[in-house]
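Here are my notes on the model, point by point. Please keep the structure open while reading.

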Amino acid sequence: VDELQAEFAQRYRLFDDAVARGAALFGADWLAAFDDTLDRLFPDPVELAAAAKGYASFAMDILRRQRRFDQERAYPAKTFEEAAAEVYLDAGYMASEYLPGLLLSHFLWPHHYHQGRFFESAYVEQMRVAGGTSFVEVAAGTGMYSRRLLQLIPEASGRGFDLSPAVKAFVDHHMAAYGLNGRYRLELQDATTAVIAPTDWLVCVELLEHLEDPAGLLASLRAVLRPGGKAFITAAINAPNADHIYLYRDPQEVIDQLYGAGFGLQQAFIGPAFVPRSLGVPVPTVAAFVVS
Ligand SMILES: C[S@@+](CC[C@H](N)C(=O)[O-])C[C@H]1O[C@@H](n2cnc3c(N)ncnc32)[C@H](O)[C@@H]1O
């Protein structure tokens, strides 16, 4: 973390206070978990410098898009196919910016970090107490959520789905760095068409806003969740990333879609990225739900 801080201080001054802010807000556990993640995934100083650069580009791009969104209050029109070509299937961009950017954001963005803690306390703990040993994650991305679950439940094994070949390489490396690759397999498949075997434990973090028909995906996720099973499902609200094509303006819209798909709501976490300067300004927000 000190090395990352030095990179920010030297090269990416806009993010100079991000590490100190995280440490002040979340303390020793945050620092230890972040340090461990950086150490295992980017052990070489050159790799860590590249990750810092990737994060800076990723975060700057989102800030620029946010300014435009504040004016237009809409995402630029984009089909799923266009988003896939521009983002998920661009191996260089995924490996150098998107995946390191997203990974670091799980620690550096307080609302992302809170969402991860909510996942652990509200969902993984429930799975552990219930004796759950297998799970599915749809749109595994960085692999962060699957990795935490596997660490917290040593008996568990999982299957991940994602359509990006760069994600497969990143997740395979991530799991290997933690000695977890024997307990996890990532399959390269489109979640909207994949045949997923019924499961009791299902994780889907920040996929809905990437789809043209998130309600359709929710209906198919509901169909693969066994009776009594639990799912952890999240969505990004008012967050104009390059690959967000379905605009949720309010967490209630996600709740309505969850009910519409037949899920029952058990617990919720709504985390805005910041406190707005004035009322009515849209704030990027994560909305996370434990559903059955
Ligand atoms: C914001 S990331 C997900 C974050 C991830 N859960 C994490 O915590 O790192 C979105 C991911 O969804 C994947 N994705 C987008 N559309 C998909 C689809 N139709 N099927 C499978 N994966 C998809 C992308 O490749 C990307 O990895």
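1. Which residues in helix 2 meet helix 5? This is a predicted model. From helix 2, the residues are A18, V19, R21, W30, A33, F34, T37, L38 and L41. Their partners in helix 5 are L103, L104, F107 and L108. By class, this contact has 11 nonpolar residues, one polar and one charged.

2. Next, the geometry of that helix pair. Helix 2 spans residues 18-41 and helix 5 spans residues 91-108. Their axes come within 8 Å and cross at roughly 140°. Helix 2 is therefore oblique to helix 5. The label "roughly antiparallel" is kept for angles over 145 degrees.

3. Now the sheet. It is open and has seven strands, in the order 3-2-1-4-5-7-6. The pairing is mixed. Strand 3 (184-188) and strand 6 (265-272) are the edge strands, and each pairs on one side only. On average, neighbouring strands are turned by 15° against each other, direction ignored.

4. One strand pair can be checked by residue. Strand 4 covers residues 199-204, and strand 5 covers residues 225-237. The two pair in the parallel sense over five bridges. Opposite A231 in strand 5 stands L202.

5. Last, a helix against the sheet. Which strands does helix 7 lie across? Helix 7 (residues 144-152) lies across strand 1 (134-138), strand 2 (157-162), strand 3, strand 4 and strand 5. Helix 7 runs at about 165° to strand 1.

Technical notes: Residues numbered from 1 in each chain as written. Predicted model: local features only at pLDDT ≥ 70, side-chain atom pairs only at ≥ 80, totals over all residues. Heavy atoms only, no water. Axes fitted to C-alpha atoms, helices over the stretch in contact; angles between N-to-C directions. Helix = DSSP H or I, 4+ residues; strand = E, 2+ residues; numbered from the N terminus. Parallel < 35°, antiparallel > 145°, perpendicular 65-115°, else oblique. Contact = heavy atoms within 4.5 Å. Nonpolar A, V, L, I, M, F, W, Y, C, P; charged D, E, K, R; others polar. Pairing = 2+ DSSP bridges.
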